[in-house]
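Welcome! Please take a moment with the sequence and the model below, and then let us walk through some of the details together.

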Amino acid sequence: MHTPKVSIFLPTFARYQDGFLQRAVDSALRQTWREFELLVIDDGSTDGTADYLASQAAADPRVVHIRLEKNTGLPAYALSQAYPHATGEYFAWLFDDCELEPDHLETLVGRLRESPALGMVYAQARAQLQGDRSFVIGAPLDIGALSQGANSIPNTCVVLPRSTIERIGWYDPHIILKRLCDWDLWLRIASEFEIGYVARILATEYGVGLPGSLGRLNRENGELALKYARLPRNHRLAPETLSMDDAYRMDFEAELGAADAAALQTAFLEHQIVTMDIVGSIRTAGQMKERGLLVGAIDRLLRQGNGTGEGKVDILFAAMVGYFRTRIEDDAASMIRMEVAARDALRAADQRMDEMNSALERLAATQAERDSLSNRLSDIESRREKTSPERFNDELARELAETKYSLFIFRDAADRRLEMIRALEEQLGNLSGSSAPPAEEKKVPAPGPGRTAARRRKA
């Protein structure tokens, strides 16, 4: 069964002594997908990187060492120099401040083989800050957000078919895209291909926590990058045709305003200063003087009496002073914005805390009222349940007592009537005895009410 080969591209510069490069290389060599080659492009390092990579290439035939004697500072261009050496059917990316998970290639190549129509596939990466703090880079593709400059695709977790590059072209090495060349490539691929996503962390990026990383050392002009990225460029980005001249293209300057043109020249100068390109710095400084961008700096130089403002050194010095002054002012403005934002956030947090405390006090008062009402209701219910039978018994006893007293009075009255009747009967007997002989004595039962009434009528 055919096992496709993967070409892993790894650009590096001066990351040997701190151990980052060794960790990156080791993570590539530990891949469970064994059919790969590791193309390491040394961008003019002077810290022992060349000797280390030469030893690795000698020990493992999968490691290919490609060295650039002069530091370009442009990963996009450095990577293009490895393209003629690539023999893989698929391309993957690794950087000297990153580390791959062992199943990185197996997972992403497997995804591409399941869906051959995909132009590329990517996964998540862990961005490691200093200490134990980290966050995750990588989310399902949002074309709208990507087109506006939001990049949620970690470059070190991308694998794509060679055919995609043959159709779309390579990373654009233009300096304005130095920090954004990967975003630009994904955007161009997304315009013609479907892109796959794997929701797994398959690499760790350490560069976000390193002060000397590319993203920390170089400023980013997002607005200018967006304007440049909208230009049709695929036709001139074949990797085998790229040169350093493509990094300084000015053929779109007519579409820029004065501020953007000045920002572009400043970006050129910044890159040349960082890469210690004296010849390029002098050339860019002369262009800036011709465009009237150094008037203030040269005027200050002349007032100080330290130069004529005409020599190459004077012009370069004025350009560098202007650049660093602008950089310092921009950094100061950024710090001020951060301070204002922090103060606003603290003020909002304090206000929110006061609101929460007030809400808690109101809640506590409401709870107290509810507890009090609940206690009162419980007390009333308890008393109702407790006293109602007692009250009923008391009322019943009172009614029985009243009934008993009424019966006692009735009986007493009946006894008195009975006594009166007997007395009357006795008197009648006496009267009758005086005119007739005494009759035999008879026991007379106690008369009832009807009998008594009849005898009264006879009497």
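Helix H7 (residues 181–190) is largely enclosed by the rest of the structure, because 10 of its 10 residues are buried. Buried here means under 20% relative accessible area, while exposed means over 50% and partly exposed is in between (1.4 Å probe, protein chains only). The buried residues of H7 include the aromatic-sounding pair Trp-183 and Trp-186, along with Asp-182, Asp-184 and Arg-188. Cys-181, Leu-185, Leu-187, Ile-189 and Ala-190 of H7 are buried too.

This is a predicted model, in which local features need pLDDT of at least 70, side-chain atom pairs count only at pLDDT 80 or more, and totals for chains, interfaces and linings use all residues. Residues are numbered from 1 along each chain as its sequence is written, and side-chain values use heavy atoms, with hydrogens and water left out.

**The chain as a whole**

The chain holds 14 helices and nine strands. Helices (H or I, at least four residues) and strands (E, at least two) are DSSP runs, numbered from the N terminus. Of the chain's 459 residues, 39% count as buried. Among contacts between residues at least 6 apart in sequence, 77% join residues at least 24 apart. Contact means heavy atoms within 4.5 Å.

**Two helix pairs**

Two packed helices are described by the angle between their axes and the distance between the axes. The axes are lines fitted to C-alpha atoms, for helices over the stretch in contact, and the angles run from 0 to 180 degrees between N-to-C directions.

How do helix H1 (residues 20–29) and helix H2 (residues 49–59) pack, and at what angle? Their angle is about 20 degrees, and their axes are 12 Å apart. That makes H1 roughly parallel to H2. Angles under 35 degrees count as roughly parallel, over 145 as roughly antiparallel, 65 to 115 as roughly perpendicular and the rest as oblique. The crossing of H1 and H2 is right-handed. A crossing is left-handed if the near helix is turned anticlockwise from the far one by less than a right angle, and right-handed if clockwise.

On the H1 side, Leu-21, Gln-22, Val-25 and Leu-29 take part, and they meet Thr-49, Tyr-52, Leu-53 and Gln-56 of H2. The residues of this contact of H1 with H2 comprise five nonpolar, three polar and no charged. In this grouping, Ala, Val, Leu, Ile, Met, Phe, Trp, Tyr, Cys and Pro count as nonpolar, Asp, Glu, Lys and Arg as charged, and the others, Gly among them, as polar.

Further along, helix H10 (residues 258–274) packs with H11 at an angle of about 160 degrees, with axes 9 Å apart. That makes H10 roughly antiparallel to H11, and their crossing is left-handed. H10 contributes Gln-265, Thr-266, Phe-268, Leu-269, Gln-272 and Ile-273, while H11 contributes Gly-280, Ser-281, Arg-283, Thr-284, Gln-287 and Met-288. The residues of the contact of H10 with H11 are four nonpolar, seven polar and one charged.

**Thr-284 and Asn-71**

Thr-284 sits in helix H11 (residues 278–290). Is Thr-284 buried or exposed? Thr-284 is buried, with a relative accessible area of 2%. Leaving aside residues up to four places away in sequence, Thr-284 touches Gln-265, Phe-268, Leu-269 and Gln-272. The side chains of Thr-284 and Gln-272 are joined by a polar contact of 2.7 Å. A polar contact is a pair of N or O atoms within 3.5 Å; within protein, one must be able to donate a hydrogen and the other to accept it, and residues adjacent in sequence count only if both atoms are side-chain atoms.

Asn-71 belongs to the loop between strand S3 (63–68) and helix H3 (75–80), and Asn-71 is buried at a relative accessible area of 18%. Which residues does Asn-71 touch, not counting residues up to four places away in sequence? They are Phe-13, Asp-43, Gly-44 and Thr-275. A polar atom of the Asn-71 side chain lies 2.9 Å from the backbone oxygen of Asp-43. Asn-71 and Gly-44 are 27 residues apart in sequence, yet 4.4 Å apart in space, C-alpha to C-alpha.

**Residues in loops**

Ala-14 has a positive phi of about 55 degrees although it is not a glycine, and Met-276 has a positive phi of about 60 degrees, again without being a glycine. The table places these two beside His-235.

| Residue | Loop | Relative accessible area |
|---|---|---|
| Ala-14 | between strand S1 (6–12) and H1 | 35%, partly exposed |
| Met-276 | between H10 and H11 | 71%, exposed |
| His-235 | between helix H9 (222–229) and H10 | 65%, exposed |

His-235 and Arg-167 are 68 residues apart in sequence and 9.0 Å apart in space, C-alpha to C-alpha.
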